[in-house]
Amino acid sequence: MEDTTTVLVIEDNPLNMELVCDILEANDYAVYQACAAQEGIKIAKENNPNLILMDIQLPGMDGLEATQILKEDISTKDIPVVALTAHAMKGDEEKALEAGCSGYITKPIDTREFPSLVKTFINSSAPE
Ligand code: MN
């Protein structure tokens, strides 16, 4: 029985990455990091994380396209993807859901609320 919950964070902003990873690690999640979409997709296929936190605005392939690729791949389609969307980017939330995301968390991250949001997304995807 694997009892370590793993989260893959795909985020190109180093400060956001550090903040998110610090909070996740403080809550006993094992974290994989990727700063670009292609790298994140590769890590997802190799490690089958319990959750993916996907920045929408990434250089090169954006988070929407990366999510669509993950959702079209049999080996990754069941991993919940939660979008990290910039608060100012209205409309990103709808686009994220259309791309296959389970939900979204707006940036800047609310550090007090974040752990419970992550937990909710992981629990809602867990098998019965
Ligand atoms: Mn970004």
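Q: Is Q57 buried, partly exposed or exposed in this predicted model?
A: The model is predicted, and the relative accessibility of Q57 in it is 41%. Buried means under 20% and exposed means over 50%, with partly exposed in between. Because 41% falls in that middle range, Q57 counts as partly exposed.

Q: Which residues coordinate the manganese ion?
A: Two of the donors are OD atoms, and one is a donor labelled O, at 2.0 to 2.1 Å. In sequence the donor residues follow the spacing D-x42-D-x1-Q. The residues are D12, D55 and Q57.

Q: Is D55, a donor residue of the manganese ion, buried or exposed?
A: D55 binds the manganese ion through OD. Its relative accessibility is 2%, and the cut-off for a buried residue is under 20%. D55 therefore counts as buried.

Q: Why do the buried residues of helix α3 line one face of the helix?
A: Helix α3 covers residues 63-72, and its buried residues are G63, L64, A66, T67 and L70. An α-helix has 3.6 residues a turn, so residues three or four places apart point the same way. Seen down the axis of α3, the buried residues line one face because they fall within an arc of 160 degrees.

Q: Which elements do the buried residues of α3 pack against?
A: The partners include two helices, α2 (37-47) and α4 (92-99). Strands β3 (51-55) and β4 (81-86) are also packed against these residues. The elements are thus α2, β3, β4 and α4.

Q: Which residue caps the N-terminal end of α3?
A: The cap involves a side-chain oxygen and the backbone nitrogen of L64. These two atoms lie 3.1 Å apart. The oxygen belongs to D62.

Q: Which element gives the most residues to the largest nonpolar core?
A: This core has 21 residues, of which L8, I10, I52, M54 and L70 touch the most other members. Two or more residues come from each of β1 (6-10), α2, β3, α3, β4 and α4. The element that gives the most, with four residues, is α2.

Q: How far apart in space are I105 and L84, C-alpha to C-alpha?
A: I105 lies in strand β5 (residues 103-107), and at 3% relative accessibility I105 counts as buried. Leaving aside neighbours within four places in sequence, I105 is in contact with residues including V82, L84 and F114. Although I105 and L84 are 21 residues apart in sequence, their C-alpha distance is 5.1 Å.

Notes:
Residues numbered from 1 in each chain as written. Predicted model: local features only at pLDDT ≥ 70, side-chain atom pairs only at ≥ 80, totals over all residues. Heavy atoms only, no water. Buried < 20%, exposed > 50% of the residue type's maximum accessible area, 1.4 Å probe, protein only. Arc of directions from axis to C-beta. Contact = heavy atoms within 4.5 Å. Polar contact = N/O pair within 3.5 Å; in protein donor to acceptor, adjacent residues only side chain to side chain. Core = buried A, V, L, I, M, F, W, Y, C linked by side-chain atoms within 4.5 Å. Donors = N, O, S within 2.8 Å, 3.2 Å for Na, K, Ca; no water.
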